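I opened this entry to look up how one helix is packed and which charged side chains are paired. The notes follow in the order of the look-ups.

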Amino acid sequence: MGRSALLKVGGKLVYSTCSLNPVENEAVVAAALASPAGACWRLVHALPAWPRRGVEGAGLSPEEAAMCIRCCPRRDLCLGFFIACLDRSTDIDGAGRAVGG
């Protein structure tokens with residue numbers, strides 16, 4: 001999660017790509033959430049009214065995948081995008097692990 005430790009508790013981090021590849025999208029979010037610092041983040045529902053959501057099977061549960069969005073080139077007249085929004089829920093210690101909570 002790199003410099004995300006600099007974000008204050010309550011801050012939001014948006015991960016976005018111009019790709020529809022689950023390895024570059026859902027798998028990256030799943031790996032970040034599974035990391036030692038991942039316990040300080042929670043996935044929040046990005047654009048709740050958007051009809052196309054993330055895909056299952058790339059490390060995210062069905063509930064987590066439903067929090068992410070995808071923009072489809074043919075249906076949304078764009079190049080294709082993925083967006084995940086994470087909320088910083090707790091602090092991180094000097095070793096990069098979640099503390100408190």
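I count two residues as in contact when heavy atoms lie within 4.5 Å. The model is predicted.

Entry 1, Glu26. I located Glu26 in helix H1, residues 26–34. I listed its contacts, leaving aside neighbours within four places in sequence, and found Gly54, Val55, Ala58, Leu60, Arg70 and Phe82. I noted a polar contact of 2.8 Å between the side chains of Glu26 and Arg70. Glu26 is buried, with a relative accessible area of 0%.

Entry 2, helix H1. I recorded Glu26, Val29, Ala30 and Ala32 as buried in H1. Seen down the helix axis, the buried residues fall within an arc of 160°, so they line one face of H1. I then checked what they pack against: strands S1 (12–17), S2 (41–44), S3 (69–71) and S4 (81–88).

Entry 3, salt bridges. I obtained a count of four salt bridges. One of them joins the side chains of Asp87 and Lys12 at 3.2 Å, N to O. This pair links strand S4, which holds Asp87, to strand S1, which holds Lys12, 75 residues apart. Asp87 also forms a salt bridge with Arg42, with the closest N and O atoms 3.5 Å apart. Here I noted that Arg42 is in strand S2, 45 residues from Asp87. Asp87 is buried at 8% relative accessible area, whereas Arg42 is partly exposed at 45%.

Entry 4, Arg52. I found a salt bridge from Arg52 to Asp76, with the closest N and O atoms 2.2 Å apart. I recorded both Arg52 and Asp76 as buried. Through shared partners, salt bridges join Lys12, Arg42 and Asp87 into one network.

Notes. Residues numbered from 1 in each chain as written. Predicted model: local features only at pLDDT ≥ 70, side-chain atom pairs only at ≥ 80, totals over all residues. Heavy atoms only, no water. Helix = DSSP H or I, 4+ residues; strand = E, 2+ residues; numbered from the N terminus. Buried < 20%, exposed > 50% of the residue type's maximum accessible area, 1.4 Å probe, protein only. Polar contact = N/O pair within 3.5 Å; in protein donor to acceptor, adjacent residues only side chain to side chain. Arc of directions from axis to C-beta.
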